[in-house]
Amino acid sequence: RDYLIHQVGKQRIDIRLNTPATPELIEQGAYDAVLIAVGGHNIVPNIPGLKENGFLFATDVLEHPELAKGKSVIIGGGEIGTECGMWLAKQGKDAFVIEMDRLIAKTVPPIHYRSSMRAAWEALPKFQFTTQSTVLRVEEGRIVYQKDGEEYEETFDTLILAAGMEPNTEEAFALSAAAGRSELIGDCLEMGNLLMANKTAY
């Protein structure tokens, strides 16, 4: 990161931090071309009691693990949710992942999944998960989910959400309409991962 910041500082680049990109700003700039990379946002599912009881996004916890206190329950066992739980377990914290699908981290490439990731979580006793499970509701300090027609509950100190992300398509198209020539790149076009980012760039 420091290297990239240093390299950018050596170039003739106008960097505007804490400045929202708006169609008006694009029009005023009269740019020859505009690259739009406004990313995506976390999905917040409509689960009874979720917003009332408070939660953290897994993307924030991965960057600031100190935000997670005590035992964490993570809603969503995709790649991000699974890695978040593993990251917390490596720090000695209890983590329990609830996933709707039959596998956690389902989108991880098969070779990587079998050869390293699965072995890694199996070596973490504080990392637990349930699959083919649906969250029914969130109550104070506990979450209720259904598996095989039966209801179960899990207590938590911290509730973490990893229910996927959506592209900021509407924002991206509004900016594109204000530009004479533009290109949408990255997650604002389609949510992806590092592998997809490299493929798109090169």
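Is Thr158 buried or exposed? At 7% relative accessibility, Thr158 counts as buried, where buried means under 20% relative accessible area, exposed over 50% and partly exposed in between (1.4 Å probe, protein chains only).

Before going further, a word on the model. This is a predicted model, so local features need pLDDT of at least 70 and side-chain atom pairs count only at pLDDT 80 or more, while totals for chains, interfaces and linings use all residues. Residues are numbered from 1 along each chain as its sequence is written, and side-chain values use heavy atoms, with hydrogens and water left out.

**The chain as a whole**

The chain has eight helices and 12 strands; these are DSSP runs numbered from the N terminus, with helices being H or I of at least four residues and strands E of at least two. Its C-alpha trace spans about 60 × 35 × 30 Å along the principal axes. Of the 202 residues, 29% are buried. The chain exposes about 13,100 Å², and 52% of that comes from carbon and sulfur atoms (areas by the Shrake-Rupley method with a 1.4 Å probe; for residues, only the protein chains shown count as cover). Take the contacts between residues at least 6 apart in sequence: 62% of them join residues at least 24 apart. Contact here means heavy atoms within 4.5 Å.

**The sheet**

Five strands make an open, parallel sheet in the order β3-β10-β4-β5-β6. Two strands pair if DSSP finds at least two bridges between them. At the edges sit β3 (56–57) and β6 (127–130), each pairing on one side only. Here are two of the pairings, each with a facing pair of residues:

| Strands | Sense | Bridges | Facing residues |
|---|---|---|---|
| β4 and β10 | parallel | four bridges | Ser72 and Thr158 |
| β4 and β5 | parallel | four bridges | Val73 and Phe96 |

Strand β4 covers residues 72–75 and β10 covers residues 158–161. In β5, Ala95 and Val97 point one way, Phe96 and Ile98 point the other way, and all are buried.

**Back to Thr158**

Thr158 lies in strand β10. Its side chain reaches the backbone oxygen of Lys69 at 2.8 Å, which fits a polar contact (N or O atoms within 3.5 Å; within protein, one must be able to donate a hydrogen and the other to accept it, and residues adjacent in sequence count only if both atoms are side-chain atoms). Leaving aside neighbours within four places in sequence, Thr158 is in contact with Leu56, Leu67, Ala68, Lys69, Lys71, Ser72 and Val73.

**Nonpolar cores and cysteines**

A nonpolar core is a set of buried Ala, Val, Leu, Ile, Met, Phe, Trp, Tyr and Cys residues joined through side-chain atoms within 4.5 Å. The largest one has 20 residues, and those with the most contacts inside it are Cys84, Leu88, Trp121, Phe127 and Ile160. At least two residues of this core come from each of α4 (58–63), α5 (79–90), β5 (95–98) and α6 (110–122). The top contributor is α5, with four residues. Another core lies apart from this one; it has 13 residues, among them Ile75, Val138, Ile143 and Leu159.

Trp121 touches Thr82, Met86, Ile104, Ala105, Tyr113, Phe127 and Phe129, not counting neighbours within four places in sequence.

As for the cysteines, Cys84 is buried at 0% relative accessible area, and Cys188 is buried at 1%. How many disulfides does a search of the whole structure find? The result is zero, taking a disulfide as a pair of cysteine sulfur atoms within 2.5 Å.
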